[in-house]
Each structure stands twice: as C-alpha cells, then as structure tokens.
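Welcome! Take a moment to turn the structure around on your screen, and then let us walk through some of its parts together.

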Amino acid sequence: MTYVETIDYLYGIRLFGQKLGLETMQYLLRLMGDPQRSLRFIHIAGTNGKGSVAAMLHAVLSKAGYRTGLYTSPHLVSFCERFQIDGQPIAEADVVRLVEQLRPFLETVATHPEFHAPTFFEAVTAMALQHFYEQKVDVVVWETGLGGRLDATNVVTPLASVVTNIAFDHTQYLGETLSEITGEKCGIVKPGVPVVTAATSEEVLRVIRGTTIAQGCPLTIVGQDVHATRLSEDEQGQRVELTGTRQNYGPVTIPLLGGHQTINCATAIAALEASGLPVTPQRVCEGLLQTTWPGRFQIVNRDPTVVLDGAHNAAAAERLAATLRERCAGQKLTLILGVLRDKNYDQMCQILAPLAERILCVPVKSERTCDPDQLARWCMAANPRLKITVAKSLTEAYAQARNEKAEAIVITGSLFLVGEALDQLGFAHPTPAKTPKELVLQ
C-alpha cells in the first residue's frame, strides 16, 4: 500500500464506530505478543491540559537523554504527529509498514465471535505500541483518548498516572456529574502506582483521594505539594518559579502562554518526580524551554495578531478567555468560531462572545460539525450588540477578517478547526506532511 492508501484504510476502520472497553484491545495485543509489557509509561488522563503536560514531559525526558516516545490524539495536520520519538514524528514509510504488519491481526480480531471489530483508535493505539517497542524507547508519554477506565490506552501499568483536571466533556460516555467523570478518568490508576493531579474541586478530589487510598497509591496534588508561580510573561513565553516535591527548580521558562500552562508545567514536573526517572534540574529547565505544542494559544501572526487555540469545551473556553484578557487587552477582537455539535457550544458562546467585537461562525470539516447558524444564534444571545456573520468556510472567514482590518483574530472552538488553519492558511507547522483533510478525534 502507499501512504495515502494506508491512511484511507485506517479511516475506513472508523465505520466500526466508537466502542469503549478493553477486551478487544487486550486480545489484539496478545496476538501481537504484548509489546506494551516491554515498555515503561507515564499515563495521562484528564479533561483539558493532557497534551500540554505530555508535551512538556516529552521535551524534558528527551533532553535528559531518555529515548522518549509520545502518543497523543488527535493530530492537527499530519497523522504522523500522533507517534513521536524525541520530537520527531513517525515516518510515512513506517506507518505503511506497521499497518501491513498489523492488518492480519486486526482482521483476525474482527472475525472473532467474542470481540468487536477493532476501532480506529484501537488500531492506531496498537500501532503506537508496536512502533515504540520496535524503536526500543526508554519511556513513553502516553495520553488517553477518551475517559480512562475503558479507553484503549488503559492496557499498561505505568510508572506514574496523571489526572490533569476534570470538567464536563463527553458526558454521553463518561457521566453527567463531575464525580462520575472523575471515576472514569481514575480508571487509569493502578495498584501502588503514584498518582498526580492538578484538580481543585473538592468533589473531584474526593473521588481521586478515595481511589488512591483504595489502590494504595501515593498522591501528589499540584497547588498543595507542588507549586508553580508565574513571574512574568511576554509573547515568547513565561517565567515560572517551580517548586517540586523533592527540590526547587528555580525560575524556568516555558514557551506556552496562559496562566493555565503554569499549572500544566507543575503537573508535568510532579509526574516526572513521581515516575522515579532521574532528571537534573538543568535538564528540566532546558527541556521546558524547548517544549512545543501547536494550537494552544499559538500566536502565528503579529500584525494583525492571529491566535490559534483548540479550546473545545466550556472549561477550555474559560482558560482561553482569561488568556485573551491578559494578552489582547485593548485590541478589537474578531473571533472565528467552529465547534462540534456534541460539545457544550452554548456555554462556550456565553464565555467567548462577550469578549469579541466581531464573530464569524464557520463549519468544521467533520461530519460532527455544529450548524454555524445555530452557533451564531447562541453568540447573539450571549452578546446582542455583536456583529455576527456565518461564513461558508474557514478560508472565507479569515479572508473577510483580514479585509476588515481586524486588530486581533482568534480561530478557536475545535482542534479540527485549528488543524485546518495550520494546513490551509499558510501558518508554519512542525509536521507539514498532508493527509486527508478529515481529522479524527479518536
């Protein structure tokens, strides 16, 4: 198969849908020889911040000399972004080879009467494990896809488990209350394995504490046991005073913007310490400085200011709004907004619309896109004085915003939309290889 044919094959697996549960994944891995048993992991779950924490851990561990794998989803532009080793995405040729290697196993599972046909995410997760096994990585930074307990990534016993934070998202799968959602996320906790969380809600912490006590796990709470205090910030990044459980790392610089990234930084270092992997303070500082994570308050243009942010739920919108108040104060803000219909887009509109002078609502390139007209109605309800337009595409909306001489343009609402912006609007991206435009959440 060619690379394009291989990606088309993987997209075809999406027809099997989304099926939470571990039995199929465990059987598939047994057929493959259980590559995960030869690997070490730091497993990360949570509603928001997983990717940023993973990116910081990946950068620090790589800088410290560990051959470090990184598994995240979704990708923004190239499928190859999902599997990285020391900052380098997997080669297209290796994607082809892995699919050809695993395809007989996938077909065997699909015909077994006791198991469902593997989903896209199960197939890709199996590919990642095989890739990291073949490449003999020292440690894998391992991000969940959805939830934790029944997520396809939950087939490992890690060095440390991380639950970044808990908010309302994917409630149709994870539950309608914070306690229910937390219980699902805490499904990644394993007996005796250290746990790190940046959660602050007492309702959430009650579940996390109960889980760690029942499983006999040491618990580190960011803000109580580990601290990060922002000292300064400019468009290049922020200086943070970082104090871990074992030592004071002093002032460090992180390129990621926003007050929430200081919390993510502390979470990453707490996870590093909990893992037991030795890393010197100097390597911590150097690794954090080199962290890249596109699409998270990423400033891609200066005149006018253009920001890409993948905020895709109400909690993420709150963080984006706080960062916009800090970074874009006094600027007339144009928002280009596209959201998936299974998100709490009404709350997102209530949070973001009052900040904007102008909003252009656009479809997301996904069958799950929210109707832009519906989005516009919610934005108008949140800010009746707002000038709102529905555009046929992101490209049309961006051209219109530029023609209107907008002072600041923010493209947000979905990582799918951010990926399209990186791909179609000419902004630099670390992995420019193109794949079919239909991005995949899981």
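## A helix across a sheet

Helix 13 lies across strand 14, strand 15 and strand 16, and its direction makes an angle of about 175° with strand 16. Please keep in mind that this is a predicted model. The points below begin with the sheet and then move on to the cores, the rings and a few single residues.

**The sheet**

- Follow the strands in the order 12-13-17-14-15-16 and you have an open sheet of 6 strands with mixed pairing.
- Its edges are strand 12 (298–302) and strand 16 (387–390), each of which pairs on one side only.
- On average, and with direction ignored, neighbouring strands of this sheet are turned by 15° against each other.
- Strands of a sheet pair through backbone hydrogen bonds, and they can do this in parallel or antiparallel fashion.
- Strand 14 (residues 333–337) and strand 15 are a parallel example, joined by 4 bridges.
- To find your way along strand 15, look for Leu 360, which has Ile 336 standing opposite.

**Two residues around helix 13**

- Trp 378 has its place in helix 13.
- Trp 378 counts as partly exposed because its relative accessible area is 29%, a value between the limits of 20% and 50%.
- Beyond its neighbours within four places in sequence, Trp 378 is in contact with Tyr 345, Asp 346, Cys 349 and Gln 350.
- Compare Trp 378 with Pro 118: the two are 260 residues apart in sequence, and their C-alpha atoms are 38 Å apart in space.
- Arg 368 sits in the loop between strand 15 (358–361) and helix 13 (372–382).
- With a relative accessible area of 17%, Arg 368 is buried, and its side chain has a polar contact of 2.9 Å with the side chain of Asp 342.

**The nonpolar cores**

- The largest nonpolar core has 43 residues, and those touching the most other members are Leu 10, Phe 79, Phe 83, Met 127, Phe 132 and Trp 142.
- Several elements supply at least two residues each to this core, among them helix 1 (3–12), helix 2 (23–32), helix 4 (92–110) and strand 5 (139–143).
- Helix 5 gives the largest share of this core, with 9 residues.
- Phe 132 has many partners beyond four places in sequence, including Leu 39, Tyr 71, Phe 83, Val 140 and Trp 142.
- A second core, separate from this one, has 38 residues, including Met 56, Ala 198, Ile 254 and Ala 266.

**Aromatic rings**

- How many aromatic pairs does the structure hold? The count is 9.
- One of them is the stacked pair of Tyr 71 and Phe 121, at 6.1 Å centre to centre and with 25° between the planes.
- Tyr 71 belongs to strand 2 (residues 68–71) and Phe 121 to helix 5, so this pair ties together parts that are 50 residues apart in sequence.
- Both Tyr 71 and Phe 121 are buried.
- Ring pairs also build a cluster, which links Tyr 11, Phe 41, Tyr 71, Phe 79, Phe 83, Phe 120, Phe 121 and Trp 142.

**A buried asparagine**

- Is Asn 264 in helix 9 (residues 259–275) buried or exposed? Asn 264 is buried, because its relative accessible area of 6% is under the 20% limit.
- The side chains of Asn 264 and Gln 261 make a polar contact of 3.0 Å.
- Outside its neighbours within four places in sequence, Asn 264 is in contact with Gly 49, Ser 52, Val 53 and Met 56.

How values were computed. Residues are numbered from 1 along each chain as its sequence is written. This is a predicted model: local features need pLDDT of at least 70, side-chain atom pairs count only at pLDDT 80 or more; totals for chains, interfaces and linings use all residues. Side-chain values use heavy atoms; hydrogens and water are left out. Buried means under 20% relative accessible area, exposed over 50%, partly exposed in between (1.4 Å probe, protein chains only). A polar contact is a pair of N or O atoms within 3.5 Å; within protein, one must be able to donate a hydrogen and the other to accept it, and residues adjacent in sequence count only if both atoms are side-chain atoms. A nonpolar core is a set of buried Ala, Val, Leu, Ile, Met, Phe, Trp, Tyr and Cys residues joined through side-chain atoms within 4.5 Å. Contact means heavy atoms within 4.5 Å. Rings of Phe, Tyr and Trp (its six-membered ring) pair if their centres lie within 6.5 Å; planes under 30 degrees apart count as stacked, over 60 as edge-to-face and the rest as tilted. Two strands pair if DSSP finds at least two bridges between them. Axes are lines fitted to C-alpha atoms, for helices over the stretch in contact, and angles run from 0 to 180 degrees between N-to-C directions.
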